[in-house]
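Here are some short exercises to work through with the model open in your viewer. Try each task before you read its solution.

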Amino acid sequence: MHPTAAVPGLSGPILSLPPTFRWGVATSAYQIEGAVAEDGRTPSIWDTFCRVPGAVADGDHADVACDHYHRMPQDVALIKDLGVDTYRFSVAWPRVQPHGRGPVNPRGMAFYDRLVDELLASGIDPWVTLYHWDLPQELEDAGGWPVRDTAYRFADYSMMVFDALSDRVDTWFTLNEPWCSAWLGYVSGDHAPGRKDFAAGMAAKHHLLLGHGLATRRMRAAAARDLQFGIALNLAAARPVTDTDLDRAAARRADGFSVRIYLDALRYGRYPDDVLADLADRDVTIPVHDGDLETISAPIDVLGVNFYFGQLFSGTDEAGNTTGPDGMPVVRDVPQDVPHTAMGWPITPDRFTELLLRLSQDYPDLPIVITENGAAFDDTADSAGFVRDEGRTEYLVDHIGAVALARQQGADIRGFFAWSLMDNFEWGYGYTQRFGIVRVDYDTQARTPKMSALWFRDTIRRIRER
Ligand code: FCB
């Protein structure tokens, strides 16, 4: 760690976090591992998508990324130095089950086996995410998530990982941000596999949730000890820009498609009536079979919340139209007059508190862990590779403060994971956006903790010591 960095002091609501609060850092397989063709791994939809001209900034891909596959022990040592108690990582499906069906690939699984052992030997709890967007390409070729069979393939794959690691891993997240997989992957086409088909996106969403339910049920039934199961969601904090009926309807639609369509199904075994009515207006139905919603609402023990920013919605476009070119009501994300990150995302910590309080009201009795929060800024490194990332540090101060505030007001929040451990492949943005609290020099693969990492480490230490 850089010895001379002055880091901001600890004050405000953060001080109210208990010494037992869980602290972690998060990553995902495709974003850091590299080694895409080693030890039997086959291409995922992201390997394919990266080769589509114009799909990813600078035509980049994650063939090497942070080379974590080869540098894993050093990276675990880095995590240990940060003083966190938990590491959230994802397993690459095409590494452990290269064809998306059929037998386990022992060489691929061995990597996660070693990772888990290394973490435990370093006193760090491993938290597994089973799916962080890297569907085996062969399954996409067979129809991908819009096809029901993919849910069953996911449950089989999950059991494979579970059988290999559940003697040592006690917290299991099925999916990371199914909204992104369904919407960005199959509706807007901004993410792999890059399809643009609204109905396919809704089918994908349902089959992702079905896969979650099937996997959760099977893992829980097979658990030989007390384990925790959950899912990590990105949930829009959607507010109307004004109090008009039109703007309120736009915010309701945004909330319906990003929060309630997931959480009403997961918690209450139903899709919201207003969302189903909106879908009917588009002549789209969700392909629900008997018993699906019961499967989807299999009990979970923890809700992972990934939060980056809150939004304001308007029911009119810039020209004042209330209907879009597709004949559907306008749902416009209105620019906000607040500071923004390098991603162009508004910085809205108060909306985080608001979302967490809303979740604990509408979906009570479900402990929450913040599985991702963080920010990209245009970092400048000094000659030693050190980044004085005041913007990122301030973002973390404000957002952890927002979490603490929600806790003080009654939300049951058990932990916070910074996104991300280190700079990595940021999907469609390639390497242009850096979210790490540790800098990665992609020429040398040197890792250097930034000021935000030092602040994070000191904050954790001080809270634990209180
Ligand atoms: C989340 C993703 C994560 C990362 C951050 C910035 O939506 O889960 O992989 O890209 O955004």
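**Exercise 1.** Find which ligand atom lies 2.8 Å from a polar side-chain atom of H132, and look for further polar contacts of the ligand.

*Solution.* Keep in mind that this is a predicted model.
- Step 1: start at H132, where a polar side-chain atom is 2.8 Å from an oxygen atom of the ligand.
- Step 2: go on to N176, whose side chain places an N or O atom 2.9 Å from a ligand oxygen.
- Step 3: turn to W427, where a side-chain N or O atom is 2.9 Å from an oxygen atom of the ligand. With a cut-off of 3.5 Å for N and O pairs, these distances count as polar contacts.

**Exercise 2.** Work out how much of the ligand's accessible area the protein covers, and describe the surroundings.

*Solution.*
- Step 1: on its own, the ligand has 290 Å² of accessible area, and the protein covers 95% of this.
- Step 2: the ligand takes up the space of the largest pocket.
- Step 3: list the shell, which includes Q31, W133, E177, Y308 and F435.
- Step 4: sort the shell residues by class, giving five nonpolar, three polar and three charged.

**Exercise 3.** Decide which strands stand at the edges of the sheet β6-β8-β9.

*Solution.*
- Step 1: write down the order β6-β8-β9, an open sheet of three strands with mixed pairing.
- Step 2: β6 (237-240) and β9 (332-333) each have a single partner strand, so they are the edges, with one side lacking a neighbour in the sheet.
- Step 3: check the pairing of β6 with β8 (residues 310-314), which is parallel over four bridges. Here A237 is opposite G310 of β8.

Technical notes
Residues are numbered from 1 along each chain as its sequence is written. This is a predicted model: local features need pLDDT of at least 70, side-chain atom pairs count only at pLDDT 80 or more; totals for chains, interfaces and linings use all residues. Side-chain values use heavy atoms; hydrogens and water are left out. A residue is near a molecule or strand if one of its heavy atoms lies within 4 Å of it. A polar contact is a pair of N or O atoms within 3.5 Å; within protein, one must be able to donate a hydrogen and the other to accept it, and residues adjacent in sequence count only if both atoms are side-chain atoms. Accessible areas come from the Shrake-Rupley method with a 1.4 Å probe; for residues, only the protein chains shown count as cover. On a 1 Å grid over the protein atoms alone, a cavity is a set of points where a 1.4 Å probe fits but cannot get out, and a pocket is an open set with protein on both sides within 12 Å along at least five of seven lines; lining residues have an atom within 4 Å of a point. A molecule sits in a cavity or pocket if more than half of its atoms lie within 2 Å of its grid points. Ala, Val, Leu, Ile, Met, Phe, Trp, Tyr, Cys and Pro count as nonpolar, Asp, Glu, Lys and Arg as charged, and the others, Gly among them, as polar. Two strands pair if DSSP finds at least two bridges between them. Helices (H or I, at least four residues) and strands (E, at least two) are DSSP runs, numbered from the N terminus.
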